[in-house]
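The following paragraphs walk through a two-chain model, moving from individual strand pairs to the sheet they belong to and then to a pair of helices. Please keep the sequence and the structure in view while reading.

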Amino acid sequence: MALDQSFVGRSYPPTDPYEVGREKIREFAEAVGDANPVYTDTEAAKALGHSNVIAPPTFVFAITFKASGQVIEDPQLGLDYSRVVHGDQRFVYTRPVRAGDRLTVTSSIETIKSLAGNDILDIRGEVHDEAGEHVVTAWTKLVARAAEGA
Amino acid sequence: MTAKISYDDVEVGTELPAQSFPVTRATLVRYAGASGDFNPIHWNEKFAVEVGLPDVIAHGMFTMAEAIRVVTDWAGDPGAVVEYGVRFTRPVVVPNDDKGAVIEVAAKVGAKLDDGRVRVDLVATSEGQKVLGMSRAVVQLA
């Protein structure tokens, strides 16, 4: 059954702050095999004008995707997560994520489409720091494939 | 934020140095831990086959993370990447052998934008098949 269009525009409460740890950034950079010193060496980061080590461009997804669980698990929306695949992902940065940031995510449903029995859901995650400044917006497109025989 | 590349030194069509990124089952286990995405389709072959996949597949976000390295290595400062988006068109299948899979990434400047920014268009393939579509980054150059 197609998802209810009236959920478009619905916004969920901001998450509790996620504190970005420098060892977590290091672990992520090592996991993707990226030896850029700006992820691990404070002096190298400062040489590029950053106040602390920064995170790779896709690091923040772990935080925004966890936050989007509010939408995915909203019983009123009724998304069948067992049929969901990740369709698109996009980030628009005001500034890079850096170690020590305490980030909150506000998720909202931007669009809901139904195409050939598939439900397509665009979730926008607005990420702000402790001072309330915008850091990054993440758009996550989830596609719930049509159930067999539906 | 200090990119190594100057806006004036690039043109539409300027190619970034291409790179190849190997991916094995061990890579995926490590990425699962670092990212917190423990979906068994990324490490459990039996589970992956049961849900209709040919084998274990790489996390789409892993492929996305590797592809942007062509841009961040070129720009010097990863903080110069101000926008980045991809479409996950096809999974990267990672067999349980000594070789695993390889993600090949090519990129070129697709457009020169205002304020010293350029749009970089990326092409990521594995086994000759495109694995990311509409893969674009906007980079703030010096």
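**Strands, sheet and helices**

In this predicted model, Val81(B) stands opposite Val139(B), a residue of strand β5(B). That pair belongs to the ladder between strand β2 (residues 81-88) of chain B and strand β5 (residues 129-140) of chain B, two strands that run antiparallel and are joined by six bridges. Val139(B) also appears in a second pairing, since in β5(B) it is the bridge partner of Val118(B). This second pairing is the one between β4(B) and β5(B), which is again antiparallel and extends over nine bridges. β4(B) and β5(B) form a hairpin with two residues between the strands, and in this hairpin Glu127(B) takes a positive phi near 55 degrees.

Moving one strand further, strand β3 (residues 101-112) of chain B pairs with strand β4 (residues 117-126) of chain B in the antiparallel sense, here over eight bridges. Within this pairing, Ala107(B) has Leu122(B) of β4(B) as its bridge partner. β3(B) and β4(B) also make a hairpin, with four residues between them, and Asp115(B) in its turn has a positive phi of about 60 degrees.

Where do these strands sit in the wider sheet? Ten strands form an open sheet with antiparallel pairing, and its order is β1(A)-β3(A)-β4(A)-β5(A)-β2(A)-β2(B)-β5(B)-β4(B)-β3(B)-β1(B). Reading along that order, β2(A) is followed by β2(B), which is where the sheet passes from chain A to chain B. The edges are formed by β1 (18-19) of chain A and β1 (15-23) of chain B, each of which pairs on one side only.

The two chains can also be taken one at a time. Chain A has four helices and five strands, and along its sequence these follow the pattern β-α-α-α-α-β-β-β-β. Chain B likewise comes to four helices and five strands, and its pattern along the sequence reads β-α-α-α-α-β-β-β-β. The C-alpha trace of chain A spans about 60 × 30 × 20 Å along its principal axes, while the C-alpha atoms of chain B fill a box of roughly 50 × 30 × 25 Å, taken in the same way along principal axes.

Database annotation adds a domain to each chain. For chain A, an unreviewed UniProt entry lists "domain: FAS1-like dehydratase" over residues 6-137; in the model that span is 20% helix and 31% strand, with its end C-alpha atoms 23 Å apart. For chain B, an unreviewed UniProt entry gives "domain: MaoC-like" for residues 13-121, a span that is 29% helix and 31% strand and whose end C-alpha atoms lie 10 Å apart.

The chains also meet through helices. Two packed helices are described by the angle between their axes and the distance between the axes. For helix α1 (residues 22-31) of chain A and helix α1 (residues 25-35) of chain B, the axes come within 9 Å and cross at roughly 155 degrees. Angles over 145 degrees count as roughly antiparallel, and α1(A) and α1(B) are therefore roughly antiparallel to each other. The crossing of α1(A) past α1(B) is left-handed. On the side of α1(A), the contact is made by Lys24(A), Glu27(A), Phe28(A), Glu30(A) and Ala31(A), and on the side of α1(B) by Thr27(B), Arg30(B), Tyr31(B), Gly33(B) and Ala34(B). Sorted by class, this contact has four nonpolar, two polar and four charged residues.

Notes
Residues numbered from 1 in each chain as written. Chains lettered and ligands numbered in written order. Predicted model: local features only at pLDDT ≥ 70, side-chain atom pairs only at ≥ 80, totals over all residues. Heavy atoms only, no water. Axes fitted to C-alpha atoms, helices over the stretch in contact; angles between N-to-C directions. Parallel < 35°, antiparallel > 145°, perpendicular 65-115°, else oblique. Left-handed = near helix turned anticlockwise from the far one by under 90°. Contact = heavy atoms within 4.5 Å. Nonpolar A, V, L, I, M, F, W, Y, C, P; charged D, E, K, R; others polar. UniProt positions renumbered as here; feature names shortened; annotations may be inferred. Pairing = 2+ DSSP bridges.
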